[in-house]
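Me: Could we walk through the charged and aromatic side-chain contacts in this one together? Here is what we will be looking at.

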Amino acid sequence: MRVALLALPLVLACAGPARADACDALAARMIRTTGASIAGRQGPLAVFRAADADRMSLDCRKPARLVLGSHEREPDRRFFILVGLAAEGLAGAPQAAATVRALQLHQDSLLAGAPQEGIVGRARLRCETGPRADGLVGNLTVCVLRPREPAILRSRAGLSSAASAG
């Protein structure tokens, strides 16, 4: 019991750098894939500068999440290409298919007036339009990317493979 208590600080100290290294690696992969540059990093959060988005931020905590935002209600196609590139970098999704899916979800969101979700390869994508009152104020278009959990993990947890993430 004492040995376990004495080892706890060592285990916690080693876990922090490992998480930081994983986040550094993920941020580097996003830079390589999208061409964005890092604007800042604090803990599990990284903020990027991207020519085709007004906001691009990565939360490395599991499951990782990438948020892309535009001040435009109907952004240029380059914004959706960036979403596709980010889906490829974050989850290994096919870039062209993710670009098309993001554009479709955005158009559906405009028509429905509500967020729209979809899946492309191993990426889960949610796009929405409209004024916001949360931390993304000023962004009229927001797309959020997450890696999709493998179906086997979902079935072991008793979840349907078709159920959406909360």
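Reply: Happy to! A salt bridge here is a side-chain nitrogen of Lys or Arg within 4 Å of a carboxyl oxygen of Asp or Glu. Keep in mind that this is a predicted model.

Me: Which residue does Arg126 meet in a salt bridge?
Reply: The cut-off for such a contact is 4 Å. The side chain of Arg126 has a partner at 3.2 Å, N to O, and that partner is Glu128.

Me: Is Glu128 buried or exposed?
Reply: Arg126, across the bridge, is partly exposed at 31% relative accessible area. Buried means under 20%. Glu128 has 17% relative accessibility, so this residue counts as buried.

Me: How many salt bridges are there in the whole structure?
Reply: Arg78 and Asp76 make one of them, at 3.2 Å, N to O. Arg78 also meets Asp52, at 3.5 Å. A search of the whole structure puts the count at six.

Me: How many residues apart in sequence are the parts that Arg78 and Asp52 tie together?
Reply: The two side chains meet in a salt bridge. Arg78 lies in helix 2, residues 77-91, and Asp52 in the loop between strand 2 (45-49) and strand 3 (55-59), so the parts tied together are separated in sequence by 26 residues.

Me: What kind of aromatic pair do Phe79 and Phe80 form?
Reply: Both Phe79 and Phe80 are buried. Their ring centres are 5.2 Å apart, with 90° between the planes. Planes over 60 degrees apart get a label of their own, and for this pair that label is edge-to-face.

Technical notes:
Residues are numbered from 1 along each chain as its sequence is written. This is a predicted model: local features need pLDDT of at least 70, side-chain atom pairs count only at pLDDT 80 or more; totals for chains, interfaces and linings use all residues. Side-chain values use heavy atoms; hydrogens and water are left out. Rings of Phe, Tyr and Trp (its six-membered ring) pair if their centres lie within 6.5 Å; planes under 30 degrees apart count as stacked, over 60 as edge-to-face and the rest as tilted. Buried means under 20% relative accessible area, exposed over 50%, partly exposed in between (1.4 Å probe, protein chains only). Helices (H or I, at least four residues) and strands (E, at least two) are DSSP runs, numbered from the N terminus.
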